[in-house]
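Me: Got a minute to go through a model with me? I'll put it up here.

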Amino acid sequence: MSEDSFPAAEKILTDIENVFKRDKDLKDFEILPVTVGENKSPVIHAEHTLGLQQWCVRHLYLHVYHKLMNLKQQQRLRREDPVVLSRLLLGAVLLNPECTLLWNIRRDFVVMGRFDPICELHVSAIALSRRPKASEAFVYRRWVLNRIIASPLEDASSYHLLEEELRVSLMAADRYPNNYYAWNHRMWIMSHLPKASEMLSAEWTFSETWVSRHVSEHSGLQYRQYLLKKVLQHLGHSEWCLTLHKTLVNFLGPLKNSTFYGLEDFHLSKQLHLLITEDFEKKEPCTQCPIFCEQIPFVLHVGLLAYDLLLVTELLTLYPGHEALWCHRRFILFSLYSLSKEVFAKLSEDSDVTDGIPLPKTQKLSVLESDFKDCFLWRLVMWYEEKLLSGCAFKTPEECYQSKLAHRHRNWIDNILISRVPGASPPRTQNE
């Protein structure tokens, strides 16, 4: 097809460009299902949304693509009028944001200073509103953001940039289920943008709301797992202590049960038993830290993992038959297993000396291997698993699938998780 086979192309491209110039708050771009052309512009603009009638999309894209390719082949891209080239590239990336070549051309003009990086973020956000899974658009955004943050930014600009990126990633995740590219972009944001670490608490709360409403979203749960690792790295005496106070009371409640006999003989019990004393269970915690985070090692880590374990337990009960929740639970269990080993090993160092003489290394290892299965934290986690698995019985069709998923989960515990714990026995349901 020749360049002039669609005479209305330049007029349509000009109308699209004018919408971008007039509306700085433009949010969406959509293709309207109008298959027959009328004697008027196919560009519609209303309520911060840009619409293009479907009948002209194919002709317009072929016109733009062929013209850009001709300019590239003739090595005239850099000599072309910047206004004309900007118009062509704008129409091209809106219609096909998955074409890497188009974004590469825009990169070249950003480097040359012809395109403004902030405007580029706006263009790519509008392109993602129609194609929320366009990985090339997300890659381009990260490239632009790297150029922006390479220079020092004021606090206000940093917060605005962060909020806008979080908005765009959420928009893309909302519009396409299990949008791995959107959640991966959100992870990148929290790792690279200034001020992102200050948003960890808000993001943790947001992700809880999200996964509670999208219980089949593997990608959303994967983002929560990423956040969990980040939060564990930044834990300290702060608002987290008050947030996790109630969680720890509920999680450690079964320790009062006679099932956990001989508690005083377990490693850690003498310290962590403080968590279930009267002082810890006061409705109005005293002025000091309500969970004694400075006196009790790893208590914040235990509380955070326990919070998610109880959350997933509740979601599995309310919404049976969702494999994504079971997979997330395995991540939490493996994290609790790793934490149990770390806590047990660290606090066992106090018992590595007998009569002032350190135990031989081989003897210390044998003591750790034989006693880890009796670590009260590990026993408590297994108690929760046994309680959950015993409640998965055949009732409704959804619960039949839930029982199947529970059986897979039990196999995972037996063959993968428990195999890492010397001398430990897997949880068994009441039916077994």
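Reply: Sure. One term before we start: a residue counts as buried when its relative accessible area is under 20%. Ala173, at 3% relative accessibility, falls under that cut-off, so it counts as buried. Keep in mind that this is a predicted model.

Me: Noted. Where does Ala173 sit?
Reply: Ala173 is part of helix H7, which covers residues 155-175.

Me: And what does Ala173 touch, leaving aside its neighbours within four places in sequence?
Reply: Its contacts are Asn179, Ala182, Trp183 and Trp210. There's also a C-alpha separation of 8.5 Å between Ala173 and Lys133, which are 40 residues apart along the chain.

Me: Let's stay with the tryptophans. How do Trp183 and Trp210 pair up?
Reply: They make an edge-to-face aromatic pair, with 5.1 Å centre to centre and 65 degrees between the planes. Trp183 belongs to helix H8 (residues 180-192) and Trp210 to helix H9 (residues 200-213), so the pair ties together parts 27 residues apart in sequence.

Me: Are those two buried or exposed?
Reply: Trp183 and Trp210 are both buried.

Me: Which residues share an aromatic cluster with them?
Reply: Phe206, Tyr223 and Tyr226 join Trp183 and Trp210 in one aromatic cluster. Across the whole structure there are 14 aromatic pairs.

Me: What about Ser219, where is that?
Reply: Ser219 is in helix H10, residues 218-233. Its relative accessible area is 8%, so Ser219 is buried. Setting aside neighbours within four places in sequence, Ser219 contacts Asn178, Asn179, Tyr180 and Trp183. Trp183 is also one of the contacts of Ala173.

Me: Switching to arginines. What lies over the face of Trp204?
Reply: That's Arg224, at 3.6 Å from the ring centre. Arg224 is also among the residues that His328 touches.

Me: OK, which helix has His328, and what else does it touch?
Reply: His328 is in helix H14, residues 323-348. Not counting residues up to four places away in sequence, His328 touches Leu221, Gln225, Asp308 and Val312 as well as Arg224. His328 has 1% relative accessibility, so it counts as buried.

Me: Back towards the N terminus. How do H3 and H4 pack?
Reply: Helix H3 (residues 82-95) and helix H4 (residues 100-111) pack at about 145 degrees, and their axes are 10 Å apart. The crossing is left-handed. On the H3 side, Leu85, Leu89, Leu90, Ala92 and Val93 make the contact, while H4 brings in Leu102, Trp103, Ile105, Arg106 and Phe109.

Me: And Ile126, what's around that one?
Reply: Beyond its neighbours within four places in sequence, Ile126 is in contact with Phe20, Leu26, Lys27, Asp28, Phe29 and Leu94. Ile126 itself is in helix H5, residues 117-130, and is buried with a relative accessible area of 1%. Its C-alpha atom is separated by 9.3 Å from that of Val168, 42 residues apart along the chain.

Me: Any odd backbone angles? What's the phi of His48?
Reply: His48 has a positive phi of about 60 degrees, although it is not a glycine. Most residues other than glycine have a negative phi. His48 is in the loop between strand E2 (43-46) and strand E3 (49-53).

Me: And the phi of Gln75?
Reply: Also positive, near 55 degrees, and again in a residue other than glycine. Gln75 is in the loop between helix H2 (57-73) and H3.

Me: How does accessibility look for those two?
Reply: His48 is partly exposed, with a relative accessible area of 39%. Gln75 has 65% relative accessibility and counts as exposed.

Me: Last thing, zooming out. How many helices and strands does the protein have?
Reply: 17 helices and five strands. There are 432 residues, and 46% of them count as buried.

Me: What's the accessible surface, and how much of it belongs to carbon and sulfur atoms?
Reply: About 21,700 Å², with 51% belonging to carbon and sulfur atoms.

Me: And the contacts between residues at least 6 apart in sequence: what share join residues at least 24 apart?
Reply: 70% of them do.

Methods. Residues numbered from 1 in each chain as written. Predicted model: local features only at pLDDT ≥ 70, side-chain atom pairs only at ≥ 80, totals over all residues. Heavy atoms only, no water. Phe/Tyr/Trp six-rings, centres within 6.5 Å; stacked < 30°, edge-to-face > 60°. Helix = DSSP H or I, 4+ residues; strand = E, 2+ residues; numbered from the N terminus. Buried < 20%, exposed > 50% of the residue type's maximum accessible area, 1.4 Å probe, protein only. Lys NZ or Arg CZ within 6 Å of the ring centre and 35° of its normal. Contact = heavy atoms within 4.5 Å. Areas by Shrake-Rupley, 256 points an atom, 1.4 Å probe, with all protein chains shown as cover. Axes fitted to C-alpha atoms, helices over the stretch in contact; angles between N-to-C directions. Left-handed = near helix turned anticlockwise from the far one by under 90°.
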